[in-house]
Amino acid sequence: MPTRITQIEKPTSEPPAAKGIEENRDQPDCSRSESGTTDRGTVPTVFKVEGTLYLRDAELLEKICRDVCSQTQRPVTLELAELSYLDSDSAAVLCRLKREQNVSLEGLHLFIEKVVELTEESEKAAKYMPKPNRPVK
């Protein structure tokens, strides 16, 4: 199944409505509190990601998030409830989005959540692993 990204608006007093942006790639989604606003008091830009997420799509999603954040100065939330599959490489990109761009990930199914958690833990552990010896030329 191809990846579909839709920007959605989630007003604080009304149910979410689709804005109608669709791609064959992923879209970023911003995290928010129960009231629909972020810790900074602004309503985030929310992207619904559907289908499968591979590295190429995740990298496009990362670029979209970066561009949207820099243009709007609003946080980004990724709604991932309709994401059916992601590989470890794309999970690493999602972790990087969380870490570097403060993008929120919401609606994760158990499998997707575990892949992201394992990737985060693997990245933490890699910092403490010895570097392989490289031959000197």
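**Close-up views of a predicted model**

**Figure 1. Tyrosine 85 sits in strand β5, which covers residues 83–86.** The model shown here and in the other views is predicted. With a relative accessible area of 33%, tyrosine 85 is partly exposed. Tyr85 shares a nonpolar surface patch with Tyr54 and Phe111. The patch measures about 310 Å². Tyrosine 54 is also partly exposed, at 41% relative accessibility. Both values clear the 30% relative accessible area that a patch residue must exceed.

**Figure 2. One aromatic pair turns up in a search of the whole structure.** The partners are tyrosine 54 and tyrosine 85, with ring centres 5.6 Å apart. Their planes stand at 45°, so the pair counts as tilted. Stacked pairs need planes under 30 degrees apart, and edge-to-face pairs need over 60. Tyrosine 54 belongs to the loop between β3 (45–53) and α1 (55–72), while tyrosine 85 belongs to strand β5, so the pair ties together parts 31 residues apart in sequence.

**Figure 3. Leucine 97 is a buried residue of helix α2.** The helix spans residues 88–101. Leucine 97 has a relative accessibility of 0%, so it counts as buried. Which residues touch leucine 97, leaving aside neighbours within four places in sequence? They are Leu61, Glu62, Cys65, Leu78, Asn102 and Val103. Glutamate 59 is 38 residues away from leucine 97 in sequence. In space, the C-alpha atoms of leucine 97 and glutamate 59 are 9.9 Å apart.

**Figure 4. A salt bridge joins glutamate 123 to arginine 99.** The closest N and O atoms are 3.1 Å apart. This pair links distant parts of the chain. Glutamate 123 lies in helix α3 (residues 110–126), and arginine 99 lies in helix α2. The two residues are 24 positions apart. Their accessibility differs in class: arginine 99 is exposed at 52%, whereas glutamate 123 is partly exposed at 26%. The cut-off for exposed is over 50% relative accessible area, and partly exposed lies between that and the buried class. The bridge is part of a wider set, a network of salt bridges linking Arg99, Glu100 and Glu123.

**Figure 5. Helix α3 carries a salt bridge between lysine 114 and glutamate 117.** The N to O distance is 3.2 Å. Both residues lie in helix α3. They are three residues apart, about one turn of the helix. Lysine 114 is partly exposed, with a relative accessible area of 41%. Glutamate 117 is partly exposed too, at 30% relative accessibility.

**Figure 6. Glutamate 121 and lysine 124 form another salt bridge in helix α3.** The closest N and O atoms are 3.6 Å apart. How far along the helix are these two residues separated? About one helical turn, because they are three residues apart in helix α3. Glutamate 121 is partly exposed at 46% relative accessibility. For lysine 124 the value is 47%, which also counts as partly exposed. In total, the structure holds eight salt bridges.

**Figure 7. The protein chain has three helices and six strands.** From the N terminus, the order of elements is β-β-β-α-β-β-α-β-α. Of the 137 residues in the chain, 40% are buried. Among contacts with a separation of 6 or more, 68% join residues 24 or more positions apart. The accessible surface comes to about 8,500 Å². Carbon and sulfur atoms account for 51% of that surface.

**Figure 8. Confidence varies along the chain of this predicted model.** The average pLDDT of the protein chain is 80. A score of at least 70 is reached by 74% of the residues. Where does the pLDDT fall below 50? Residues 13–38 form such a stretch. Beyond near neighbours in sequence, this stretch has 99 contacts in the model.

Terms used. Residues are numbered from 1 along each chain as its sequence is written. This is a predicted model: local features need pLDDT of at least 70, side-chain atom pairs count only at pLDDT 80 or more; totals for chains, interfaces and linings use all residues. Side-chain values use heavy atoms; hydrogens and water are left out. Patches are made of residues with over 30% relative accessible area and no salt bridge: like charges are joined within 9 Å, nonpolar side chains (Val, Leu, Ile, Met, Phe, Trp, Tyr) within 5 Å. Accessible areas come from the Shrake-Rupley method with a 1.4 Å probe; for residues, only the protein chains shown count as cover. A salt bridge is a side-chain nitrogen of Lys or Arg within 4 Å of a carboxyl oxygen of Asp or Glu. Helices (H or I, at least four residues) and strands (E, at least two) are DSSP runs, numbered from the N terminus. Rings of Phe, Tyr and Trp (its six-membered ring) pair if their centres lie within 6.5 Å; planes under 30 degrees apart count as stacked, over 60 as edge-to-face and the rest as tilted. Buried means under 20% relative accessible area, exposed over 50%, partly exposed in between (1.4 Å probe, protein chains only). pLDDT is the predictor's confidence in each residue, from 0 to 100. Contact means heavy atoms within 4.5 Å.
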